[in-house]
Amino acid sequence: MSDIQTFREETQGWLKKNCPPEMRKPGDVCWGGRNPSFSHPDQEIWLEKMGEKGWTCPMWPREYGGGGLSHEENKILQEEMFAIGARPALASFGIWMLGPALLEFASHEQKLEHIPNIVKGKIWWCQGYSEPGSGSDLASLSTKAVEDGDNYIINGQKIWTSNANYADMIFCLVRTGPQEPKHNGISFLLIDMDQPGVEVKPIKLISGKSPFCETFFTDATAPKSNLIGEINKGWTIAKRLLQHERSMISGMGLATGAGSGPKKTSGMAELGKKYAGTDEKNRLADSQLRAKIAKHDLNSRAFGLTLQRMAEDAKTGGPSATASMGKYYGSEQNKLRYEIMLQAMGTQALGWEGEPFTPEELAITREWLRSKANSIEGGTSEINLNVISKRVLNLPN
Amino acid sequence: MALLFNEEQQYLKDTAKDFVQKNAPINHFRELRDSKDETGYSKELWKQMAELGWAGVLISEEYGGSDFGMVGMGGILEETGRCLVPSPLFSTALLGASLIELGGKADQKKDLLTKIAKGELTTAFALEEGSRHTPYRISTTAEKKGKNFVLNGKKTFVLDGHSADLIVLAARTSGGIEDQSGISLFLIDPNSTGLQRKRTHMVDSRNASEIHLKDVEVPETKLLGELDAGFSIIEEVLERGQIGISAEMLGNTLEAFDITLEYLKERKQFGAVIGSFQALQHRAAVMFAEIELTKSSVMGALNAVDENSNDRSRFASLAKFKAGETLHLVSSEAVQMHGGVGVTDEFDIGFFLKRSRVAEQIFGSSDYHLDRYATLSEY
């Protein structure tokens with residue numbers, strides 16, 4: 001038996017033994033943290049088992065608590081988890097964004113301190129990038145960190161910090177050097193949120209929800225050992241981390257069911273049939289809607305193939321091209337998907353709360369509003385088009 | 001599914017690139033157009049292409065081909081597409097070879113595929129009858145009379161129809177005008193009595209013709225495939241054709257985009273190169289994204305044929321939809337971004353606009369394939 005076949009069988013066995021029944025159903029995923037909240041006791045068991053095994057971060061090095069799996073092994077793990085309907089054990093910006101940057105830029109000691117906690121979900125991380133005066137022009141940021149003995153003293157304000165009201169730590173871009181030239185005085189600093197100098201205020205969005213916060217620093221402190229990479233060279237880390245963020249958001253453009261799976265009809269087409277009805281040939285009765293859905297399905301499929309191709313081909317313009325193209329296209333596709341769903345559902349997609357709207361319908365409405373931020377967060381579509389034109393097409397400034 | 005060329009396929013494509021750039025740059029096409037060349041392509045060039053093995057890319061080694069498959073063919077078509085090379089590659093090496101491979105009896109295969117692989121026989125596929133792609137609305141009739149069939153009707157938009165040595169023609173042998181069954185394929189000598197071909201001069205200066213049939217007698221031995229059962233052969237050949245032409249269109253797109261990018265970096269207005277203007281940069285970046293999606297769709301579809309995927313039909317529509325949309329976008333933007341010179345005959349960029357619209361019509365437009373994809377996806 002090949003090694004890979006052995007691995008598959010072992011994985012099946014391990015999952016069978018360790019994945020609790022409740023976690024084999026669809027549902028919410030926990031975010032971990034110092035004071036984690038679990039919607040079901042099985043969630044805690046599942047996180048503990050997966051964290052110990054390192055399979056919350058399957059391809060990270062074992063040395064730092066990761067799973068140490070190869071690409072091929074990871075694929076098998078994902079397939080086997082999918083096969084039993086296992087949901088992820090942990091959702092975390094530590095996994096998607098900070099961890100990969102730490103692995104690339106942090107010292108061995110820093111990795112030992114932070115990465116195992118990300119793998120086990122012991123720390124809930126949030127991201128401190130944007131500021132009220134620095135959105136698309138991120139490098140103009142002005143939150144200051146000044147040396148004071150073994151510490152930095154931090155003063156300033158961050159905005160759009162995801163879930164800062166729950167987070168334990170923040171990875172932050174701070175100015176440690178002069179304001180100009182703006183890219184050269186930025187450092188990458190990890191700051192504990194649990195201190196008097198840090199204040200958090202949730203921002204209410206058009207969806208009625210508050211996934212983002214304002215975060216205020218007033219003489220907050222962080223030990224010098226929390227500075228990642230070289231002082232004033234944080235922009236390099238910032239850019240790399242943005243690529244991870246953009247790749248993460250890209251995935252949203254893949255509408256479920258539009259791929260080559262056994263089920264041919266996409267989720268949107270099902271929805272369209274449900275609300276708009278069918279004709280005598282079982283086609284979607286609204287021909288305009290049908291065309292829009294088909295176009296979206298075709299583009300989703302082409303986009304999925306493109307992400308796959310770019311992952312296979314290191315030569316396709318490098319990670320920056322891939323990430324920016326994916327972020328741009330994926331977020332625009334996701335926005336369009338909700339617009340088409342709204343069109344399909346008519347007024348049933350426009351309820352705010354209560355009767356006669358079903359919870360599923362109300363969720364779509366809120367997700368539609370949420371999706372509007374997709375092409376803004378993590379670099380606007382326009383910024384990503386700038387990156388493509390300058391870095392990939394080499395068009396001049 | 002593989003989405004990258006393997007080493008062999010990449011080598012074939014690189015060879016094609018070298019050959020085309022050296023022997024048939026865009027000027028080659030321009031000269032053929034300007035001289036109103038009767039054949040519409042260079043026979044000498046086709047001979048060289050055949051010597052490189054391109055005529056037999058889809059033909060098995062048994063008949064002298066190289067059996068490189070659709071991915072191999074796609075790589076070559078992309079490169080000939082870059083330089084708008086007119087040649088029998090599509091009509092003969094892709095369509096003709098596929099029709100005979102899928103429909104031919106052993107002796108027909110041996111005879112015809114061997115000749116095609118050597119570059120000694122060119123073919124044309126006479127299917128369409130109207131101005132829009134409606135593959136199964138066939139009113140050309142073939143009636144049995146003794147040991148012959150007698151054919152009457154008219155075919156339109158027959159690629160290479162004016163110059164091919166052999167015409168593969170779809171005619172109705174039974175059923176109503178839109179029935180999928182009752183269609184049969186015939187191998188017809190273009191010099192048959194009653195057959196008249198009229199070259200149609202299209203906007204892309206490539207090679208197409210009408211074929212008029214008046215009591216054309218064809219021996220029953222010239223039937224390709226079973227009587228009344230041409231549909232499944234046609235369907236598979238059309239899908240290969242849709243995917244192949246998409247690869248050629250991708251090549252058209254890439255070249256038009258490259259030429260335009262170069263122009264954006266060169267042309268100065270207001271004291272700056274126009275490529276520094278964000279209004280143009282963003283449009284170029286959007287085109288880049290669409291081109292990447294098109295590459296993946298075409299590659300996926302080429303592989304779907306070679307891997308015998310059960311989703312080949314949807315892949316064919318995906319490729320043709322995306323190739324059509326993107327070439328349409330890029331060829332239009334290319335002309336606009338060139339400004340005044342973009343609408344002059346002297347600049348090559350207009351060729352891509354003209355070719356785009358014709359290629360979009362070959363075996364179904366993007367709208368056609370949008371509808372087809374939805375139908376195949378059961379909505």
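These legends walk you through close-up views of a predicted two-chain model.

Residues are numbered from 1 along each chain as written, chains are lettered from A in the order in which they are written, and side-chain values use heavy atoms, without hydrogens or water. In this predicted model, local features need pLDDT of at least 70 and side-chain atom pairs count only at pLDDT 80 or more, while totals for chains, interfaces and linings use all residues.

**View 1. Where chain A meets chain B.** Chain A brings 44 residues to the contact and chain B brings 41 (contact means heavy atoms within 4.5 Å). Together the chains bury about 3700 Å², 63% of it on carbon and sulfur atoms; buried area is the accessible area (1.4 Å probe) that two parts lose on being put together, summed over both.

**View 2. A salt bridge between A:Arg290 and B:Asp371.** Their closest N and O atoms lie 2.7 Å apart. Four salt bridges are counted between chain A and chain B, each a side-chain nitrogen of Lys or Arg within 4 Å of a carboxyl oxygen of Asp or Glu.

**View 3. The helices of chain A that face chain B.** Here α7 (267-276), α8 (287-312), α9 (318-345) and α11 (381-392) each supply at least two residues of the side of chain A that touches chain B. The largest share, 17 residues, comes from α8(A). Helices (H or I, at least four residues) and strands (E, at least two) are DSSP runs, numbered from the N terminus.

**View 4. The hairpin of β2(A) and β3(A).** Strands β2 (residues 144-148) and β3 (residues 151-162) of chain A run antiparallel, joined by five bridges; strands pair if DSSP finds at least two bridges between them. A:Ala145 stands opposite A:Ile154. Two residues lie between the strands, and A:Gly149 takes a positive phi near 65°.
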